[in-house]
Amino acid sequence: MSSETYSSNGALLAVDNLEKHFPIRRGILWEKTVGAVKAVDGVTFEVAEGETLGLVGESGSGKSTTGYCILQLVKPTSGSIKFMGKELTKLPREELRRMRREMQIVFQDPYASLDPRMTVGGIVAEPLEVHGIGTRRSRGEQVRKLLDIVGFNPNFTNRYPHEFSGGQRQRIGVARALALNPKLIVCDEPVSALDVSIQAQILNLLKDLQRDFGLTYLFISHDLAVVRTMSDRIAVMNQGKLVEVGTADQVYHEPKDEYTKALFAAVPVPDPHRQRERKAERALLRQENRRLAAQTAESGLPDAAPDISDPRSETGPVV
């Protein structure tokens, strides 16, 4: 691990105080900014080479926006993103384009993320063509090899995405992400749109690929069970902020933040006795949340306590 390739502390990816604020504008003839939605607000974490960091939180917590900012698909408002020792936020366009060979993404929706006008072979070969890698013949051979690696029939390269199921489409997306042999893959809820049985196949595929190719994952999901299966460490996001980071065992067995506890308490379990215990735990957490909110109101400080009083937690997960 050379100092020229990675950051000084050895992390492949280092995110420091990342912020992404979307302006709120009002007016018709004279539009003015009246506020901002703080989608990502002061996020800091690191990912080592070969590691899987799970980024978990409820919908709207800023998980996907964080991933898009890292890949520079969305320009951050402020903060530092260092990948392989280089500051991505300050790279010139052409250098950033070359750097994207080392970082790719698997999108959430296997239906919307594949161009319906392109064949399977064209979709997987597109990254190679964009970066000018190989000849047409060598790219065709590489595409067949990639499809075989992800468990997709290489003889279907001339077919179109609409001819396949969601699980097969996601395999095409994984093959496209692997085409440039990247070091980092951002997995943006890659199995949330799939059936449970297909989810297991895709998760096992991602694990096998990580073992065989030494990949590093930023695994984004709202499914706590999936994150636990995939991750070495887990970072919990709430309202654009990281509220807890730790190993998978630490976060699952000894959560320290009240919001993390609320997430786990909201997950239904098949044991009715344990479910009643969790319902009581949620009630205690709501009481604690109200007490903290009252204290902050009396002190005049901004309310930093997470909102865990959502009534949906009585019948199912809030995540």
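**How do we know? Reading a predicted model**

Q: Which residues lie nearest the centre of the largest pocket?
A: Leu-73, Arg-100, Gln-104, Val-130 and His-131 do, out of a lining of 19 residues. Keep in mind that this is a predicted model.

Q: Which elements give two or more residues to the lining of the largest pocket?
A: Two or more residues come from each of helix 2 (93-99), strand 6 (103-106), helix 3 (120-130) and helix 5 (166-178). The volume of this pocket is about 500 Å³.

Q: What makes up the lining of the largest pocket, by class?
A: You'll find 11 nonpolar residues there, along with six charged and two polar ones.

Q: Why is the pair Lys-86 and Glu-95 called a salt bridge?
A: Check the distance first: their side chains come to 3.6 Å, N to O. The cut-off is 4 Å between a Lys or Arg nitrogen and an Asp or Glu carboxyl oxygen, so this pair makes it.

Q: Are Lys-86 and Glu-95 buried or exposed?
A: Neither label fits. Lys-86 has 36% relative accessibility, and Glu-95 has 25%. Buried needs under 20% and exposed needs over 50%, so Lys-86 is partly exposed, and so is Glu-95.

Q: How do you know that Asp-115 and Arg-117 make a salt bridge?
A: Same test again. Their side chains meet at 3.4 Å, N to O, and since the limit is 4 Å, the pair qualifies.

Q: What labels do Asp-115 and Arg-117 get for accessibility?
A: Asp-115 sits at 25%, so Asp-115 is partly exposed. Arg-117 reaches 71%, which is over the 50% mark, so Arg-117 counts as exposed.

Q: What makes Arg-211 and Asp-212 a salt bridge?
A: Their closest N and O atoms are 3.1 Å apart. That is within 4 Å, so the rule is met. Arg-211 also counts as exposed, because its relative accessibility is 60%.

Q: Which residues are linked with Arg-211 in a network of salt bridges?
A: Asp-208 and Asp-212 are the partners in that network. Across the structure, the count of salt bridges comes to nine.

Q: How many disulfides does the structure hold?
A: Zero. A disulfide is a covalent bond between the sulfur atoms of two cysteines. To be counted, a pair of cysteine sulfurs has to be within 2.5 Å, so no pair here passes that test.

Q: How do you know whether Cys-69 and Cys-187 are buried or exposed?
A: Look at their accessibility. Cys-69 has 0%, and Cys-187 also has 0%. Buried means under 20%, so Cys-69 is buried and Cys-187 is buried too.

Q: What makes helix 1 "mostly covered"?
A: Helix 1 spans residues 63-70, and six of its eight residues are buried. Those buried residues are Lys-63, Thr-65, Thr-66, Gly-67, Cys-69 and Ile-70. Right after the helix comes Gln-72, which has a positive phi, near 65 degrees.

Q: Which residues of helix 3 are buried, and which helices do they pack against?
A: Val-120, Gly-121, Ile-123, Val-124, Ala-125, Pro-127 and Leu-128 are the buried ones. They pack against helix 4 (136-149) and helix 5. Just after helix 3, Gly-132 has a positive phi of about 65 degrees.

Q: Why is Ala-175 called buried?
A: Its relative accessible area is 0%, and the limit for buried is under 20%, so the label fits. Ala-175 is part of helix 5.

Q: What does Ala-175 touch, leaving out residues up to four places away in sequence?
A: Val-124, Leu-146, Leu-147 and Val-150. Val-143 is 32 residues away along the chain, and the C-alpha atoms of Ala-175 and Val-143 are 8.1 Å apart.

Q: Why does Gln-199 count as buried?
A: Gln-199 has a relative accessible area of 14%, and that is under 20%, so buried is the right word. Gln-199 lies in helix 6 (residues 196-213). Leaving out residues up to four places away in sequence, Gln-199 touches Val-191, Leu-194 and Val-226.

Q: How many helices and strands does the chain have, and what share of residues is buried?
A: The chain has 10 helices and 10 strands, and 45% of its 319 residues count as buried.

Notes. Residues numbered from 1 in each chain as written. Predicted model: local features only at pLDDT ≥ 70, side-chain atom pairs only at ≥ 80, totals over all residues. Heavy atoms only, no water. Buried < 20%, exposed > 50% of the residue type's maximum accessible area, 1.4 Å probe, protein only. 1 Å grid on protein atoms, 1.4 Å probe; cavity = no way out; pocket = protein on both sides within 12 Å on 5 of 7 lines; lining within 4 Å. Points joined across faces, edges and corners; volume = space filled by probe spheres on them. Helix = DSSP H or I, 4+ residues; strand = E, 2+ residues; numbered from the N terminus. Nonpolar A, V, L, I, M, F, W, Y, C, P; charged D, E, K, R; others polar. Contact = heavy atoms within 4.5 Å.
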